Amino acid sequence: MAVPDTFEAIGQDKIDHIPSILPVVPLRGTLAFPRIPMPMMAGREGSRRALAEVAESAEKLVLLVAQKEREKDKIGAGDLYDVGTVAKVLQLYAAPNGVLNFVIQGYARARVRWYNQYEPSITATIEVIPEPEERTPRIEALQREVQGLIRRYVELDGAIPEEAAQWVSKIDDPNLLADLVAAFVPELTVEQKQQALEAVELEPRLRHVITLLNDQIEILAIKAKIHGEIKQGMEKTQREYLLREQMKAIQKELNGDAEGSETDQLRKQIAEANMPEEVQKKAEKEVARLEAMPQGSPETGMIRSYIDTLLALPWSKETEDRLDISEASQVLDDEHYGLGKVKDRILEHLAVRKLAPELRTPILCFVGPPGVGKTSLAKSIARALGRQSVRISLGGVHDEAEIRGHRRTYIGSMPGRIIQGMKNAGTKNPVFILDEIDKVGADFRGDPSAALLEVLDPEQNKDFADHYLDVPFDLSKVLFITTANLLDTVPAALRDRMEIIPLAGYTEVEKVQIAIRHLVPRQLKEHGLTAEQLTFSKEGLEAVIRGYTREAGVRSLERQIATVARKVARRVAEGDASATTVTPENLADYLGPRKFTDSLKEEADEVGLVTGLAWTETGGDVLTVEATVMEGGEDGQLGLTLTGQLGNVMQESARTALSYVRSHARALHINPALFTGHSVHVHVPAGAIPKDGPSAGVTMATALASALSGRAVNRDVAMTGEVTLRGRVLPIGGLKEKVMAAHRFGVSTVLFPKENERDLEEIPADIRADLQLVPVERVEDVLFRALHPETVEAPVTLSRAS
């Protein structure tokens, strides 16, 4: 039989005219062989460039070489095999997704002598390998062996038509026969196919193909044996199922079916669940599927789990809100001290609900540093309303399915955490606490914060769609309360759906009251102590707060109280029943030396040392800015060195402040000689901690003006605000937290932007009474209040007279 046209031998004249330098297209997971046409795809930029060059050439020839590592995208030296196939590109067209589809006709084997380039496309200098033409009796025997193995392979595989084996048995060219087997047996690896391509001599190539076919035939034989055993086991299972069904029918006749079948009980539960009509139809449809399903089917458990989930959800059950405002106010006051703004918001909601029962439920977001009571306050709100509460933490959640659930097509699918929370709550109007909403992540599995948009939108959540349920669930009566440490990482669309309520932190007076009312009694109970065995004096608690904690909340304070309680508990357990009162005098016996001083202020006013105020995730903080002037500038100019891990914004603030000081040198009585041949070093201590923010401008300007003029800075003054080149002081955020930090650290005067005067009402009255809060509009106002009027020391080596 003649070889089909598509596999005709390539004429020697064509092979002789193959250029010695060809474009190269790397192949992943496949190979090309001489005389065999194949469709292929190219998606990488280098491959597309190479094919573009081929399309423009007259010969349309390309070298196809397999790469050693399939996953590698960037091809370099040593990544490709040394033997490939020269092929002619017969067709070339681009797909809509940018991938090039092309059809090739193999010409001949070729060995790469060297690769000329790898970028922007690969080219190589090649040497064509001629096809062997020997036809010895040994070759003839090996060829017949291959044809016999192919017939056996086709019989075992079942997916290959018998005509293919008959056609292959009529091929009388051993070169083509060996290459066809290597090219089209799907189970062969790239390495096995490459070995066949590199086998230039015909006898080793046929032996290699025989070995490969024998291995595949052995695997197919084992597979057929396993299939037969499985089929036999299935027949046994079906026989047992029929017997069980017969036994059930006999038992039904004997017992009269007193209690009804399992599916009848499920239908009764569905009818009593008071589901919406759409959900009830879905549940009844699933029961019908369960009834028709064979008992041994693996899908039976999945359907039953789905029906149980539908039955467990609170479709109509809800608790009645406690609308007695005075009683709710008492519950909030008993469990939390202070936080008047938050309590007022909840009581206002109750009042409106009392007058308008159909009021849309708000979405609240408590924002504040750790330990200020965001989560515990949300639970107190649930108790004040008389509702159930359920809490989930969103910290580290990256998978959208955590919110919306998994589709039931997946093994082990389950509802999302929202639906599971509603199932645990048992009512359709609980207080649902979503903790750490600012720490939600996103990756290739989806964006959970996008799924939360539907959950936290009152216009949409009445028909919340969970992928597992596949029916809408009403969340409109749920009071969602979210918590966050900061809002920067919360998407804007999500922030827009929530009512933001900040919890800045507690004053010292509030912390003392919280400790007396809540923390100390709780720790006594947890450590098995009584109020007679351990008491804290008010002064002792103040000493703990001042000397052992630096925080906006009370979490560290509670840990210190627990430390004292443990030591007293040990003493009581050892037999010492004497009462203990913690005072400032004996506090060190329990907690060791003080960790913090009452103030970070210096002992005396110094030149170039300024106290600034900063906002952090844990509340307000105080930082010092140091500036000093040294001889030796860059190229005779005034140099500026910034240290302390300052971010880009703070570095720009420092440069702006220096420009302002230089432009006002005459008014500040700064010697012009300092601006040549000198340098200024600005440092913010605690260099291991990165720092950035837009409110350090006035602090930088004061430090530079002090250092360059030799005027000391008042150590009792702290400041915050951004500065412009024109000397304006711009408004900042977090004023309440910063003022509370200044109060904690013993500062007496705080300078702040005048435009922030509107924020003063948020600062507790006792703090406003203790501090002198001075609004400023310009840097001149800041320097007037912060710097001494006289020069204390001359900068560097310059005298005051100069």
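In the predicted model, Asn274 is found in the loop that links helix H8 (262-272) to helix H9 (277-292), and the residue adopts a positive phi of about 55° although it is not a glycine. A second residue with this kind of backbone conformation is Lys60, whose phi is positive at about 60° although Lys60, too, is not a glycine. Lys60 has its place in the loop between helix H2 (45-56) and strand E3 (61-66), and with a relative accessible area of 27% Lys60 counts as partly exposed, since the buried class ends at 20% and the exposed class begins over 50%. A further backbone feature concerns the peptide bond between Glu119 and Pro120, which is cis, with omega at about -5°; Pro120 belongs to the loop between strand E5 (100-117) and strand E6 (122-129).

Helix H9, which follows the loop of Asn274, consists of 16 residues and reaches 23 Å from its first C-alpha to its last, close to the 22 Å expected at 1.5 Å a residue. The buried residues in H9 are Val279, Lys282, Ala283, Glu286, Val287 and Leu290, a set that includes the charged residue types Lys and Glu. Viewed down the axis of H9, these buried residues fall within an arc of 140°, so they line one face of the helix. Glu277, Lys281, Lys285 and Ala292 are exposed and are carried by the face of H9 that is turned away from the buried side.

Helix H3 (residues 137-157) was examined in the like manner. At 1.5 Å a residue, its 21 residues should span 30 Å, and the C-alpha atoms at its ends are indeed 30 Å apart, which agrees with the expectation. Ile139, Leu142, Gln143, Val146, Gln147, Leu149, Ile150, Tyr153 and Val154 are the buried residues of H3. Because these residues cover an arc of only 165° around the axis, they are placed on the same side of H3, whereas Pro137, Arg144 and Glu155 are exposed on the other side of the helix.

The strands considered next belong to an open sheet of five strands, in which the order is E8-E9-E12-E7-E13 and the pairing is parallel. The edge positions are taken by E8 and strand E13 (499-502), each of which has a single partner strand, so that one side of each is left without a neighbour in the sheet. From one strand to the next, the twist averages 20°. Within this sheet, strand E8 (residues 389-393) is joined to strand E9 (residues 431-435) by five bridges, the two strands running parallel, and Val390 stands opposite Phe432 in E9. In a regular strand, side chains alternate between the two faces of the sheet. In E8, Val390 and Ile392 make up a covered face, while Ser389, Arg391 and Ser393 make up an uncovered one. Strand E7 (residues 363-367) and strand E12 (residues 479-484) likewise run parallel and are joined by five bridges, with Cys365 standing opposite Thr482 in E12.

Aromatic side chains form four pairs in the structure. One of these involves Tyr115 and Tyr118, whose ring centres are 5.7 Å apart and whose planes meet at 35°, so the pair is tilted, given that the tilted class lies between the limits of 30 degrees for stacked and 60 for edge-to-face pairs. Tyr115 is buried, with a relative accessible area of 17%, whereas Tyr118, at 24%, is partly exposed. Tyr306 and Tyr468 form an edge-to-face pair, with 5.7 Å from centre to centre and 65° between the planes. Because Tyr306 lies in helix H10 (residues 299-312) and Tyr468 in the loop between strand E10 (464-465) and strand E11 (472-473), the pair ties together parts that are 162 residues apart in sequence. Both Tyr306 and Tyr468 are buried.

Tyr306 also takes part in a contact with a basic side chain, as Arg408 lies over the face of its ring, at 3.7 Å from the ring centre. A comparable arrangement is found for Tyr81, where Lys68 lies over the face of the ring at 5.9 Å from the ring centre.

Definitions and conventions: Residues are numbered from 1 along each chain as its sequence is written. This is a predicted model: local features need pLDDT of at least 70, side-chain atom pairs count only at pLDDT 80 or more; totals for chains, interfaces and linings use all residues. Side-chain values use heavy atoms; hydrogens and water are left out. Rings of Phe, Tyr and Trp (its six-membered ring) pair if their centres lie within 6.5 Å; planes under 30 degrees apart count as stacked, over 60 as edge-to-face and the rest as tilted. Buried means under 20% relative accessible area, exposed over 50%, partly exposed in between (1.4 Å probe, protein chains only). Helices (H or I, at least four residues) and strands (E, at least two) are DSSP runs, numbered from the N terminus. A charge sits over a ring if NZ of Lys or CZ of Arg is within 6 Å of the ring centre and within 35 degrees of the ring normal. The expected span of a helix is 1.5 Å times one less than its number of residues. The arc is that of the directions from the helix axis to the C-beta atoms. Two strands pair if DSSP finds at least two bridges between them. Axes are lines fitted to C-alpha atoms, for helices over the stretch in contact, and angles run from 0 to 180 degrees between N-to-C directions.
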